[in-house]
Amino acid sequence: SQFTFKLEGMFKDMDVSKDLMLGYKSQEGSVDLSVTVLTTGYWPGYTADGAVVIPSQIAKTLDRYKVYYLGKHSGRKLSWQHSLSFCTLKAAFDSSPEKKLDMRKELSVSAYQGIVLFLFNSSAKLSYTDIAEATGVEEEQLQRTLQSLACGKARVLRKSPPGKEIDLGDQFEVNTEFRHKLFKIKINQVQTKETLEENTSTTEKVFQDRQYQIDAAIVRIMKARKTMQHPVLVSELYNQLKFPVKPADLKKRIESLIERDYVERSKEDNNVYHYVA
């Protein structure tokens, strides 16, 4: 079926990506990069963001990986999905040299957040227009990104004039007075406000995605164990799944996999399942 075809393709992508990274690192030496190559058609569709301007230091690394990948798979096309990417940046916030070591932090940020913060390595103060032109990030995405950096809980940038919304006339600079008790800090992106229709659509997509995750977990567990009793399988699923799920929903997914010949019920005991190779 189409579902099992996509599911198998996803598993294959993850395995192939790990092998590619091992080969790349053995060729390049120590490199702080992790790439997962997703085959179009197996995964949800994502909007291309090719207009985004990547900092030259990072762009060179991505270009080297692209050359390596296309050398292994000639005839293919590799497009970067920056909206799914993230990075870790080392930052120092105290402007006085004698205290700089005390205020060094590691920031876990999205690619968009990282692209914006990179600009302040060479500029003390930037306008919204400056940032928009230098990054190429789409307007709505850029406003959410700047909100997360200058208006959220971890305000690593200072915005003037102050406020919770981002305006075209705003100016930004590094917040040298930023303080945080943790050394490693994750800065979350500001989420888009959804309409009722969008919220309903998102809920349906999340439900569908979770069905896929449950099915994948069941197949993975049964493939490893071969035979399991129902309560043991349910217990193992609760340990592996990262979201709340009802026993009735798990039972429905098991029944669905039985219908598709991934799992079969024991002829001797209806409470026991066998993996179908």
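Which residue in E5 is the bridge partner of Ser127? Keep that in mind while you get your bearings, because the tour will answer it at its second stop.**Before you start**

The model is predicted, so local features are described at a pLDDT of at least 70 and side-chain atom pairs count only at pLDDT 80 or more, while totals for chains, interfaces and linings use all residues. Residues are numbered from 1 along each chain as its sequence is written, and side-chain values use heavy atoms, with hydrogens and water left out.

**First stop: two helices**

Select helix H1 (residues 2–28) and helix H2 (residues 56–72), where helices are DSSP runs of H or I with at least four residues, strands are runs of E with at least two, and both are numbered from the N terminus. Now show the side chains of Tyr24 and Tyr65, which form an edge-to-face aromatic pair with 5.2 Å from centre to centre and 75 degrees between the planes. Rings of Phe, Tyr and Trp (its six-membered ring) pair if their centres lie within 6.5 Å, and planes under 30 degrees apart count as stacked, over 60 as edge-to-face and the rest as tilted. Tyr24 lies in H1 and Tyr65 in H2, so the pair ties together parts that are 41 residues apart in sequence.

Tyr24 is buried at 0% relative accessibility, and Tyr65 is likewise buried at 0%; buried means under 20% relative accessible area, exposed means over 50%, and partly exposed lies in between (1.4 Å probe, protein chains only). If you add Tyr68 and Trp80 to the selection, you will see a cluster in which ring pairs link them with Tyr24 and Tyr65.

Stay with these helices and select Glu28 and Arg64, which form a salt bridge whose closest N and O atoms are 3.6 Å apart. A salt bridge is a side-chain nitrogen of Lys or Arg within 4 Å of a carboxyl oxygen of Asp or Glu. Glu28 belongs to H1 and Arg64 to H2, and they are 36 residues apart. Glu28 is partly exposed, with a relative accessible area of 34%, and Arg64 is partly exposed as well, with 40%.

**Second stop: strands E3, E4 and E5**

Select strand E3 (residues 125–127) together with strand E5 (residues 171–174), which run antiparallel and are joined by three bridges; two strands pair if DSSP finds at least two bridges between them. Here the opening question is answered, for the bridge partner of Ser127 in E5 is Gln171.

Next add strand E4 (residues 157–160), which runs antiparallel to E5 and is joined to it by four bridges. Arg158 stands opposite Glu173 in E5, and the two side chains also form a salt bridge, with the closest N and O atoms 3.9 Å apart. Glu173 counts as partly exposed at 25% relative accessibility, and Arg158 is partly exposed at 30%.

Then select Lys159 in strand E4 and Asp170 in the loop between E4 and E5. They form a salt bridge with the closest N and O atoms 3.2 Å apart, and both residues are buried.

**Third stop: two phenylalanines**

Select Phe93, in the loop between strand E1 (86–92) and strand E2 (104–110), and Phe178, in the loop between E5 and strand E6 (184–186). Their rings form a tilted aromatic pair, 4.8 Å from centre to centre and with 50 degrees between the planes, and both residues are buried.

**Fourth stop: an open sheet and its helices**

In what order do the three strands of the open sheet stand? Select them and you will find the order E7-E9-E8, with antiparallel pairing. Strand E7 (227–229) and strand E8 (263–265) stand at the edges, each with a single partner strand, so one side of each is left without a neighbour in the sheet. The twist averages 30 degrees from one strand to the next, where axes are lines fitted to C-alpha atoms (for helices over the stretch in contact) and angles run from 0 to 180 degrees between N-to-C directions.

Three bridges join E7 to strand E9 (residues 272–275), and Thr227 stands opposite His274 in E9. Now show helix H7 (residues 230–240), which packs on the sheet, touching E7 and E9, at about 95 degrees to the direction of E7; contact means heavy atoms within 4.5 Å. Helix H8 (residues 247–259) lies across E8 and E9 and runs at about 100 degrees to E8.

**Last stop: the cysteines**

A disulfide is a pair of cysteine sulfur atoms within 2.5 Å, and by this rule the count is zero. Select Cys87, whose nearest cysteine sulfur, that of Cys151, is 20 Å away.
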